[in-house]
Amino acid sequence: MSYKYVIDSYAWIEYFKGTKAGARAKRYIEGDAATPTIVLAELSRKLLKEIEAGRETPEGRKARLEFIKTSTEIVDLTQDIAILAGEIDVERKEKVRGWGLADSIILATARKAKAKVVTGDEHFRDLEDEAIMIS
């Protein structure tokens, strides 16, 4: 694993929307970045909901997911990441209301590579040494 940044769902959504937060995420996305497979799952679901709402097309969804796969390293959920994510999940749920297992997997992916999570998700706000907040 050799990447500096782990891009989470929040950052990708803002990037695709073209918001100010998305513009801040751009330099990390276009840098030495990785995307965990859990983020692909979250974005796949979100984009399907956008299609249902008439704000996205099936072709647009496919193009966005393909862009993620070709512009960043995709990191699968390995046994080591899964075990670390379980430990993180127990620790963080005691400190942060609403912390989810997906957050733990994303953070574990970053920790394994000594990378930083690029996000705007408030759940990561207190992790100043491990997260780059774009919002």
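Me: Happy to look at this predicted model with you! Which residue just after α6 takes a positive phi?
Reply: Good place to start. The spot to check is just after helix α6, which covers residues 101-113. There the backbone takes a positive phi of about 55°, and the residue is Lys114.

Me: How far apart are the end C-alpha atoms of helix α6?
Reply: Let's work from the residue count. Helix α6 has 13 residues, so at 1.5 Å a residue it should span 18 Å. The model agrees with that, as the end C-alpha atoms are apart by 19 Å.

Me: Is α6 mostly covered or mostly open, and how many of its residues are buried?
Reply: Buried here means under 20% relative accessible area. Among the residues of α6 that pass are Asp103, Ile106 and Leu107. Their cover includes strands β1, β2, β3 and β4 along with helices α3 and α5. So α6 is mostly covered, and of its 13 residues the number buried is ten.

Me: Which element gives the largest share of the largest nonpolar core?
Reply: That core has 41 residues, and Ile7, Trp12, Val118 and Phe124 touch the most other members. The largest share is six residues, and they come from α6.

Me: Which backbone oxygen does the side chain of His123 reach?
Reply: His123 sits in the loop between β4 and β5. Its contacts include Arg92, Val96, Gly98, Trp99 and Asp103; Phe124 also touches Trp99 and Asp103. At 3.4 Å, the side chain of His123 reaches the backbone oxygen of Arg97.

Methods
Residues numbered from 1 in each chain as written. Predicted model: local features only at pLDDT ≥ 70, side-chain atom pairs only at ≥ 80, totals over all residues. Heavy atoms only, no water. Helix = DSSP H or I, 4+ residues; strand = E, 2+ residues; numbered from the N terminus. Expected span 1.5 Å × (residues − 1). Buried < 20%, exposed > 50% of the residue type's maximum accessible area, 1.4 Å probe, protein only. Contact = heavy atoms within 4.5 Å. Polar contact = N/O pair within 3.5 Å; in protein donor to acceptor, adjacent residues only side chain to side chain. Core = buried A, V, L, I, M, F, W, Y, C linked by side-chain atoms within 4.5 Å. Lists of a residue's contacts leave out its neighbours within four places in sequence.
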